[in-house]
Amino acid sequence: MRKKFTLLAAILCCIATVSGQIYLPLTEDFSDATFPPTGWTQASTNTTNWSRSTGQSHSTPASASLAWAEAGSFQYLTTPQLAISADTAYEVKFWMYRNSSSWYSTKTECLKVYSSSTANDVTSAALLGTIAPYYENAPAEAGAGWYQYSFALPAGTTNPYIVFCYESDGGGGCYVDDILLRKVPSCPDIAGAVTISNVGMNSMNVTIADATATSWEAGYRVSGSGNDYTFVENTASSLTIQLTGLQASTYYEIVARRKCGSEYGDNTISKTMNTLCAAIDLSTSDFLETFDGLTPGAVGGCYDGEDCV
């Protein structure tokens with residue numbers, strides 16, 4: 001049995017990598033404490049380098065971050081070499097934190113993403129896109145926070161490295177998370193924010209900002225249940241879907257996905273929202289609250305609490 005297991009492990013290893021190349025899709029959320037992640041490399045033109053941060057991340061527990069760096073310096077964070085063919089379209093998607101510090105507004109600080117034939121080298125690389133850390137600089141956003149960006153690899157690209165290069169102008173504070181490299185899907189993902197509103201005891205509204213998604217679905221499941229999502233389709237190209245029939249005082253995980261005939265885009269990152277508590281009907285019985293079982297100092301059940309000033 002041990003020999004069979006060893007042989008199977010070797011076969012799986014060969015399926016995943018050939019001569020150090022990684023087959024797509026490749027995902028990295030920096031959850032592992034090892035940094036750079038296995039197969040990734042980094043380099044810097046000064047003493048500052050990328051690191052793993054648990055203080056700011058798009059998904060728990062960590063992101064790749066860059067602290068202060070000397071003006072004019074370059075810091076490189078590079079994926080493993082990717083095994084891709086020239087006749088297929090590929091893309092890199094990732095989340096980046098855009099800050100609100102006006103100090104950056106006059107700086108040329110930026111993150112540049114390249115497709116390169118050499119790790120940690122962009123001398124002859126193809127520039128895929130550029131993002132400034134300050135949210136009002138290009139590409140401008142509505143405010144500080146995490147935003148997802150997607151860049152297409154040039155047609156005909158074969159076996160590249162993807163290089164995240166930060167060009168410092170004396171600042172830093174760059175955070176990148178949830179990196180995805182994949183073949184461009186036939187049904188694209190929903191772009192932009194997903195918001196939840198009008199939350200009631202048994203319903204809530206889910207709205208997307210992607211006006212190009214004329215057909216899409218919102219999915220829900222009880223948080224932590226691990227069950228499959230129940231999906232509800234939009235009507236008449238509406239950007240809002242009302243979810244009904246929910247349980248009162250219950251936390252739900254909410255996602256959205258584009259619908260393309262019989263195919264679907266990937267689910268968006270899930271959001272968690274709890275429905276309102278059910279109303280207490282005092283016409284049929286009295287209500288008694290003993291607060292037994294609550295942790296001292298905690299507010300539980302359907303109570304809200306705030307400090308008195």
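This report walks through the predicted model shown above, from the whole chain down to single residues.

**Ground rules**

The structure is a predicted model, in which local features need pLDDT of at least 70 and side-chain atom pairs count only at pLDDT 80 or more, while totals for chains, interfaces and linings use all residues. Residues are numbered from 1 along each chain as its sequence is written, and side-chain values use heavy atoms, with hydrogens and water left out.

**The chain as a whole**

Let us begin with the overall make-up. The protein chain holds 1 helix and 21 strands; helices (H or I, at least four residues) and strands (E, at least two) are DSSP runs numbered from the N terminus. Of the 309 residues in the protein chain, 39% are buried. Here buried means under 20% relative accessible area, exposed means over 50%, and partly exposed lies in between (1.4 Å probe, protein chains only).

Among the contacts in the protein chain with a separation of 6 or more, 71% come from residues 24 or more positions apart; a contact means heavy atoms within 4.5 Å. The protein chain exposes about 16900 Å², and carbon and sulfur atoms supply 52% of that area. Accessible areas come from the Shrake-Rupley method with a 1.4 Å probe, and for residues only the protein chains shown count as cover.

**Strand S8 and its partners**

Strand S8 covers residues 90-98 and is mostly covered, with 8 of its 9 residues buried. Two strands count as paired if DSSP finds at least two bridges between them. S8 pairs with strand S13 (residues 174-183) in the antiparallel sense over 6 bridges, and Trp95 has Asp177 in S13 as its bridge partner. S8 is also joined to S11 by 8 bridges, again running antiparallel; in this pairing, Val92 is matched with Phe151 in S11.

Just before S11 in the chain there is a loop worth a look. Asn137 sits in the loop between strand S10 (126-131) and strand S11 (145-152). Is Asn137 buried or exposed? Asn137 is buried, because its relative accessible area is 18%. Apart from neighbours within four places in sequence, Asn137 contacts Arg98, Tyr104, Ser105, Lys107 and Ala132.

**A small open sheet**

Another group of strands forms an open sheet of 3 strands in the order S14-S15-S18, with antiparallel pairing. Its edge strands are S14 (194-197) and S18 (240-243), each of which pairs on one side only. The twist averages 25 degrees from one strand to the next; axes are lines fitted to C-alpha atoms, for helices over the stretch in contact, and angles run from 0 to 180 degrees between N-to-C directions. S14 and strand S15 (residues 204-208) are joined by 4 bridges, and Val194 stands opposite Ile208 in S15.

**Salt bridges**

The structure holds 8 salt bridges, each defined as a side-chain nitrogen of Lys or Arg within 4 Å of a carboxyl oxygen of Asp or Glu. The table lists some of them.

| Pair | Closest N to O |
|---|---|
| Arg182 and Asp266 | 2.4 Å |
| Asp210 and Arg258 | 2.8 Å |
| Glu217 and Arg257 | 2.8 Å |

Why does the salt bridge between Arg182 and Asp266 tie together parts that are apart in sequence? Arg182 lies in strand S13 and Asp266 in the loop between strand S20 (263-264) and S21, so the pair ties together parts that are 84 residues apart in sequence. Arg182 counts as buried, because its relative accessibility is 7%, whereas Asp266 is partly exposed at 39%.

The salt bridge between Asp210 and Arg258 also links distant parts of the chain: Asp210 belongs to the loop between S15 and strand S16 (216-222), and Arg258 to strand S19 (residues 251-260), 48 residues apart. Both Asp210 and Arg258 are buried.

Strands S16 and S19 appear again with Glu217 and Arg257, which form a salt bridge and lie 40 residues apart, Glu217 in S16 and Arg257 in S19. Glu217 is buried with a relative accessible area of 6%, and Arg257 counts as buried at 16%. Salt bridges that share partners also join Glu91, Lys93, Arg182, Asp189 and Asp266 into one network.

**A nonpolar patch on the surface**

Finally, to the outside. Ile280, Leu282 and Phe287 form a nonpolar surface patch with about 330 Å² of accessible area together. Patches are made of residues with over 30% relative accessible area and no salt bridge, with like charges joined within 9 Å and nonpolar side chains (Val, Leu, Ile, Met, Phe, Trp, Tyr) within 5 Å. Leu282 lies in the segment after strand S21 (271-274) and is exposed, with a relative accessible area of 57%.
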